[in-house]
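This report addresses strand pairing, charged side-chain contacts and surface character. The structure is shown below.

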Amino acid sequence: MGAAAAAAVLGLLLLAAAGGAAADEAREAAAVRALLVRLLGPGPAAAFSVSVKRALAAESGLDTYRLSGGGAGTRVLVLGSTGVAAAVGLHRYLRDFCGCHVAWSGSQLRLPEPLPAVPQVLTEATPNRYRYYQNVCTHSYSFVWWDWARWERELDWMALNGINLALAWSGQEAIWQRVYLALGLTQSEIDEYFTGPAFLAWGRMGNLHTWGGPLPHSWHLKQLYLQHRILDRMRSFGMIPVLPAFSGHVPKALTRVFPQINITQLGSWGHFNCSYSCSFLLAPEDPLFPIIGSLFLRELIQEFGTNHIYGADTFNEMQPPSSEPSYLASATASVYQAMITVDSDAVWLLQGWLFQHQPQFWGPAQVRAVLEAVPRGRLLVLDLFAESQPVYIQTASFQGQPFIWCMLHNFGGNHGLFGALEAVNRGPAAARLFPNSTMLGTGMAPEGIGQNEVVYALMAELGWRKDPVADLEAWVSSFAARRYGVAHRDTEAAWRLLLRSVYNCSGEACSGHNRSPLVRRPSLQMVTTVWYNRSDVFEAWRLLLTAAPTLASSPTFRYDLLDVTRQAAQELVSLYYVEARSAYLRKELVPLLRAAGVLVYELLPALDKVLASDSRFLLGKWLEQARAAAVSEAEAHLYEQNSRYQLTLWGPEGNILDYANKQLAGLVADYYTPRWRLFMEMLVESLVQGIPFQQHQFDKNAFQLEQTFIFGTQRYPSQPDGDTVDLAKKLFIKYYPRLVAGSLWTD
């Protein structure tokens with residue numbers, strides 16, 4: 001079977017899974033109409049007519065929408081081949097005809113009256129069969145504490161942005177608990193195995209066990225409830241949910257029940273010791289492998305139904321026990337065989353991260369062994385980090401297996417302005433034109449969401465474009481006008497500066513992982529170089545503040561002003577750190593004291609204060625969500641500890657220290673600032689006493705401070721305090737003149 005034919009086979013399988021009956025069309029149209037009411041309210045929603053007809057895509061077989069009507073006294077007609085296509089058509093009308101904007105941080109939905117007419121019937125089909133969304137890690141870094149109300153908003157966002165393929169992995173631990181009990185494990189053995197909620201992503205991929213647990217009984221019940229609602233809404237839009245499957249990882253306790261079981265203990269992961277990592281992998285030839293795999297999938301399908309596509313990752317960031325192609329082929333085939341034993345139409349969605357993450361292990365023979373172990377067209381690979389390190393090029397389009405070109409963009413859910421918009425803009429079209437390309441779609445696979453919304457707006461639009469955006473400067477100017485509800489010269493200029501600076505990262509070194517000194521444990525070796533000119537960020541800051549008198553009433557503008565102010569403060573931290581380090585290395589006490597004083601006692605408190613003015617940058621809000629998921633004080637304490645650990649130490653000993661760093665009011669004041677104060681005090685002490693700075697001793701002392709935060713019980717505000725514009729202006733007036741003068745000092 002050729003590459004194009006394999007892609008066609010998979011496309012037909014999954015298209016069939018979406019259904020085609022009139023009842024499905026009616027259900028999907030009703031779901032989009034309900035979305036419209038949630039978005040605009042019942043009055044404005046009545047000006048639209050939404051319908052779904054599969055026949056609209058009869059020629060191309062690809063999601064298609066059609067817009068017509070509008071104008072005085074005429075309803076806007078939105079027709080889609082699926083519910084998702086209709087939602088995209090609706091979004092296109094609101095965006096391009098009404099100048100509206102829908103985003104995580106809030107929406108700008110001022111509709112003109114009357115609604116503009118569509119000049120001529122507009123029909124558009126996507127070039128991508130699939131627009132994928134999510135990363136396994138997103139469920140822990142962003143979704144972990146969500147209730148249904150928050151999930152509903154996300155699913156609406158997904159539909160409006162054209163997502164038709166996404167993970168649906170909530171509640172799987174409840175299913176695994178049933179399977180493990182049926183296999184003879186005790187409840188205490190199961191409780192010991194599962195991680196806590198904030199670390200479930202890595203338990204699901206076999207990286208971790210036990211850490212942050214146990215999972216309370218109430219957790220399982222709530223997640224089962226959520227999963228049913230999530231699946232019902234996804235299917236009502238015509239989305240294809242990806243359910244989990246057995247990847248081969250098992251609890252150690254299984255050896256008590258089956259002493260002869262053939263298992264291999266893998267190496268450690270993420271600097272964790274074997275108390276929490278070194279997972280046990282069942283041998284592919286062991287008779288228990290298909291039994292466990294089929295037990296789980298049968299129980300899962302009985303509970304949730306299926307759309308026939310499943311995700312499983314056996315070797316995510318873990319080296320297999322053998323590099324022999326025969327072993328890798330066998331391990332891969334056993335996972336797939338367990339799927340088709342229960343579901344003969346099963347398609348395996350595989351994160352291609354393993355090939356990119358450990359290229360020294362995954363040579364051509366090893367990659368080929370995995371890709372050829374599954375029938376062509378039954379494996380769908382996510383080229384997860386394609387905007388920076390595409391794998392399809394090195395693997396001849398994944399040896400003919402269909403793949404999705406994904407933008408990963410964000411690591412750890414970090415704050416920090418970042419993007420590679422040129423690479424993102426060009427990437428999907430280039431992959432589509434690659435010789436013998438088996439690309440079937442585009443995807444967004446961030447580890448965490450709720451940041452850098454311009455990047456995701458572009459990527460979502462590219463899911464419906466055959467060619468790149470011709471002029472990104474014009475595109476980003478239009479983005480700013482829609483986002484704030486009005487075209488403004490200064491905001492458009494600010495966004496063009498951001499486009500050429502923070503959003504213009506290029507090359508393999510680009511990573512959406514914030515390594516700013518602000519959010520790292522301090523040392524004398526920290527890297528402060530960036531890929532852009534910091535003056536562009538400071539000038540964008542000035543331009544946004546110049547526009548503030550006109551746009552201060554716009555929630556999205558206030559959010560962006562705070563975010564750019566936060567970025568400017570992050571840059572200033574780096575500059576003052578360099579001043580302090582240079583003074584220390586020159587053995588000049590007074591300049592060291594001056595730089596340390598500004599950074600610790602002026603800049604960081606000012607940053608914390610401006611962050612406190614917006615609910616989306618509050619530690620208290622973050623922790624409140626965790627506690628709200630609990631049904632008892634004991635559970636609330638467990639969930640808050642999970643959340644505090646994830647934001648900071650990540651593991652009991654700082655195993656993946658600050659990987660998931662955030663810039664939140666409260667976290668800056670009580671976690672980052674005390675570390676910086678200690679660092680500066682020890683530098684001063686080193687100079688005064690004439691002894692070398694002891695990094696090892698500082699790390700030990702800093703760890704004590706970090707633990708103090710972890711185990712703290714302080715309640716942080718969950719409501720904003722202060723005016724964002726006024727606080728940003730005060731910070732600007734204090735520091736911007738120094739930057740213009742080329743000196744960080746006022747004298």
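In this predicted model, helix H4 (residues 83–97) lies across E1, E2, E3 and E4, and its direction makes an angle of about 45 degrees with E2. These four strands build an open sheet of mixed pairing, in the order E1-E3-E2-E4. Strand E1 (48–52) and strand E4 (122–125) each have a single partner strand and stand at the edges, so one side of each has no neighbour in the sheet. From one strand to the next, the twist averages 15 degrees.

Within the sheet, E3 takes part in two pairings of opposite sense. With E1, E3 pairs in the parallel sense over five bridges, and Leu77 in E3 is the bridge partner of Ser49. Strand E2 (residues 64–69) and strand E3 (residues 76–80) are antiparallel, again over five bridges; here Val76 of E3 is the bridge partner of Gly69. E2 and E3 form a hairpin with six residues between them, and Gly70 in the turn has a positive phi of about 85 degrees. Four of the five residues of E3 are buried, which leaves the strand mostly covered.

The charged contacts are considered next. Side chains of opposite charge can pair when their charged atoms come close. Across the whole structure, 36 salt bridges are found. Three of them are listed here with their N to O distances.

| Salt bridge | N to O distance |
|---|---|
| Asp536 and Arg500 | 2.9 Å |
| Arg558 and Asp723 | 2.6 Å |
| Arg715 and Glu640 | 3.2 Å |

The side chains of Asp536 and Arg500 meet in a salt bridge. Because Asp536 belongs to helix H21 (residues 534–551) and Arg500 to helix H20 (residues 489–500), this pair ties together parts that are 36 residues apart in sequence. Asp536 counts as buried, at 8% relative accessibility, whereas Arg500 counts as exposed, at 54%.

Arg558 forms a salt bridge with Asp723. Arg558 lies in helix H22 (residues 555–585), and Asp723 in the loop between helix H27 (695–710) and helix H28 (724–741), so the contact ties together parts that are 165 residues apart in sequence. Arg558 is partly exposed at 22% relative accessibility, and Asp723 is partly exposed with a relative accessible area of 27%.

The third listed pair joins Arg715 and Glu640 through their side chains. Arg715 is in the loop between H27 and H28 and Glu640 is in helix H25 (residues 633–647); the pair links distant parts of the chain, 75 residues apart. Arg715 is partly exposed, with a relative accessible area of 47%, while Glu640 is buried at 5% relative accessibility. Elsewhere, Arg92, Arg95, Asp96, Glu124, Glu461 and Arg465 are joined into one network by salt bridges that share partners.

Which residues form a nonpolar patch on the surface? Leu589, Leu593 and Val688 do so, with about 250 Å² of accessible area together. Of these, Leu593 is found in helix H23 (residues 589–611). Leu593 has a relative accessible area of 42% and is therefore partly exposed, as this value falls between the 20% limit for buried and the 50% limit for exposed residues.

Conventions. Residues numbered from 1 in each chain as written. Predicted model: local features only at pLDDT ≥ 70, side-chain atom pairs only at ≥ 80, totals over all residues. Heavy atoms only, no water. Salt bridge = Lys/Arg side-chain N within 4 Å of Asp/Glu carboxyl O. Buried < 20%, exposed > 50% of the residue type's maximum accessible area, 1.4 Å probe, protein only. Patch = residues over 30% accessible without salt bridge, like charges linked within 9 Å, V, L, I, M, F, W, Y side chains within 5 Å. Areas by Shrake-Rupley, 256 points an atom, 1.4 Å probe, with all protein chains shown as cover. Pairing = 2+ DSSP bridges. Axes fitted to C-alpha atoms, helices over the stretch in contact; angles between N-to-C directions. Contact = heavy atoms within 4.5 Å.
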